Amino acid sequence: MPYLLLIGTRKGLFKATSDDRRAWEVSGPLKLDAESWTDMMGVYAVGVDPHSRRILAGAESSHFGPSVWYSDDLGATWSEPEERPIALPEDAEESFTRVWQFAFGDEPGTVYAGAEPHSLFRSTDGGEHFELVRPLWDHPHRKDWFPGAGGGAIHTIIPGKVAADGTDPRAMTVAMSTGGVYQTRDAGASWEPANKGVTTTFLPDEIPEYGQCVHKVSVGADGAFFLQNHHGVFRSEDPASGWEPIADGLPTDFGFAMVAHPHRPGAALNFPVISEACHIPPDHRLRPFRTEDAGGSWGAYDAGLPKEPYFGIVLRDGACTDGADDPGFYFGTRSGDVYATTDSDGRWHQVAAHLPDVLCVRAVEV
């Protein structure tokens, strides 16, 4: 099985394997714990460590609450740390709700978790124990960060990058709903907002310093950042200096997911949604859109997808790429359908149908 696709849903974790990324074998919901408390619970975050191939799943137990499970055999068996892996300290006066995102550092064993309420955690042992990144939690802006419709969480973590030019192990970009984009250049000791040019429709100031409801940020092959906002699609080579709108050519500027091409500069996929009040696809069509010129133009990228009316949308982590030399692209919808394609193919193939609501997908070449 050279390709593994992990599918987090509102009722458990599924996995799919394929040799050619056209025909897939799907199994699940996977049994994460012996008592099956998690089999039917939401899996909002999945990550695959590029160093060890350890899989992390941020899942919930109806009996014990949220936790992090891990697998060292590509999802065949699962373990949970003996002590709760993530928790807010007592003086935080808030409770940990769930993990929304995993990201991995250059050092083996380094894992970051973006969580709800707005918080960032760091692990140095592969995700078995996490510590709160306190300077971001204590940021003076945090009192003004508030939950969006999907909850108040850090949902994007980009280690090593704050601009298109180069990488730095002390740098990081995060994005949250609602709060915007924040960056550190000193290993998390201090954080600054990076939202110039990103608009709001729900605050008195159309372009505030912070407070934007960013839905997703993805980094392209040239290091530039693509951002899907709560109304608005943007691109930046240096977020601290500002963002430029690139929504012209899309049927709507609202959406949740954004996936940059891992190898082709300026290429990215977008998944439009009608509006903040109407969460269905424009024209009732399941149609991702693709740009090849950094958002200068967009075209429907829908070969192989249903032509009949469709009403399921793609959530913020419901789309991804596997990063292979011939990259695969994947997405799942709230109607439980999952599709995959490759650059060389350009035609979507159905991986699974009628699953529970798809919350997140992650794919790797194994």
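A contact here means heavy atoms within 4.5 Å of each other. The exercises below apply to a predicted model.

**Exercise 1. Determine which residues Ile-86 touches, and place Ile-86 in the nonpolar core.**

Solution.
- Step 1. Leave out residues up to four places away in sequence; Ile-86 then touches Val-68, Phe-96, Val-99, Ala-113, Phe-121 and Phe-130.
- Step 2. The largest nonpolar core has 18 residues, and Ile-86 is among those that touch the most other members. The others in that group are Leu-56, Val-99, Phe-102, Ala-113, Phe-121 and Phe-130.
- Step 3. Two or more residues of this core come from each of β6 (65-71), β7 (98-104) and β8 (111-116).
- Step 4. A separate core of 17 residues also exists, with Ala-324, Ala-340, Val-351 and Val-361 among its members.

**Exercise 2. Describe the overall build of the chain: how many helices and strands are there, and how does the radius of gyration compare with the globule rule?**

Solution.
- Step 1. The secondary structure consists of 1 helix and 27 strands.
- Step 2. The radius of gyration is 19 Å, and the globule rule gives 21 Å for 366 residues; the two values are close, so the chain is as compact as a globular protein of that length.
- Step 3. Along the principal axes, the C-alpha atoms fill a box of roughly 50 × 50 × 40 Å.
- Step 4. Of the contacts between residues at least 6 apart in sequence, 51% join residues at least 24 apart.

**Exercise 3. Characterise burial, surface and charge for the whole chain.**

Solution.
- Step 1. Buried residues account for 60% of the 366 residues.
- Step 2. The exposed area is about 14600 Å², and 47% of this area is supplied by carbon and sulfur atoms.
- Step 3. There are 29 positive and 53 negative side chains. The centres of these two sets lie 3 Å apart.

**Exercise 4. Decide whether Ala-175 is buried or exposed, and list its contacts.**

Solution.
- Step 1. Ala-175 belongs to strand β12 (residues 172-177).
- Step 2. The relative accessible area of Ala-175 is 1%. The cut-off for buried is under 20%, so Ala-175 is buried.
- Step 3. Beyond its neighbours within four places in sequence, Ala-175 is in contact with Ala-153, Ile-154, His-155, Thr-156, Gly-180, Val-181, Val-214 and Val-217.
- Step 4. Cys-213 is 38 residues away along the chain from Ala-175, and their C-alpha atoms are separated by 8.9 Å.

**Exercise 5. Assign an exposure class to His-263, Ile-207 and Thr-17, and locate each residue.**

Solution.
- Step 1. His-263 sits in the loop between β19 (254-260) and β20 (268-273). Its relative accessibility is 38%, so His-263 counts as partly exposed.
- Step 2. Apart from neighbours within four places in sequence, His-263 is in contact with Ala-221, Gly-323, Ala-324, Asp-325 and Pro-327. Ala-324 is also a member of the second core.
- Step 3. Between His-263 and Ala-352 the C-alpha distance is 27 Å, with 89 residues of separation in sequence.
- Step 4. Ile-207 lies in the loop between β14 (192-193) and β15 (214-219). With a relative accessible area of 41%, Ile-207 is partly exposed.
- Step 5. Ile-207 touches Asn-195, Gly-197, Val-198 and Thr-199, not counting residues up to four places away in sequence. Lys-196 is 11 residues from Ile-207 in sequence, at a C-alpha distance of 7.0 Å.
- Step 6. Thr-17 is part of strand β2 (residues 12-18). At 16% relative accessibility, Thr-17 counts as buried. Its C-alpha atom is 15 Å from that of Thr-321, which is 304 residues away along the chain.

**Exercise 6. Find where the cis peptide bonds to Pro-117 and Thr-178 lie, and where Arg-53 and Ala-294, with positive phi, are placed.**

Solution.
- Step 1. Recall the background: most residues other than glycine have a negative phi, and most peptide bonds are trans.
- Step 2. Glu-116 and Pro-117 are joined by a cis peptide bond with omega of about 0°. Pro-117 lies in the loop between β8 and β9 (119-123).
- Step 3. The bond from Ser-177 to Thr-178 is cis, with omega near 0°. Thr-178 is in the loop between β12 and β13 (180-184).
- Step 4. Arg-53 is not a glycine and has a positive phi of about 65°. Arg-53 lies in the loop between β4 (43-48) and β5 (55-61), and is partly exposed at 32% relative accessibility.
- Step 5. Ala-294 has a positive phi near 60°. Its place is the loop between β21 (289-291) and β22 (299-300).

Definitions and conventions:
Residues are numbered from 1 along each chain as its sequence is written. This is a predicted model: local features need pLDDT of at least 70, side-chain atom pairs count only at pLDDT 80 or more; totals for chains, interfaces and linings use all residues. Side-chain values use heavy atoms; hydrogens and water are left out. Helices (H or I, at least four residues) and strands (E, at least two) are DSSP runs, numbered from the N terminus. The radius of gyration is taken over C-alpha atoms; the globule rule is 2.2 Å times the number of residues to the power 0.38. Buried means under 20% relative accessible area, exposed over 50%, partly exposed in between (1.4 Å probe, protein chains only). Accessible areas come from the Shrake-Rupley method with a 1.4 Å probe; for residues, only the protein chains shown count as cover. Lys and Arg count as positive and Asp and Glu as negative; His and the chain ends are not counted. The place of a charge is taken as NZ of Lys, CZ of Arg, CG of Asp or CD of Glu. A nonpolar core is a set of buried Ala, Val, Leu, Ile, Met, Phe, Trp, Tyr and Cys residues joined through side-chain atoms within 4.5 Å.
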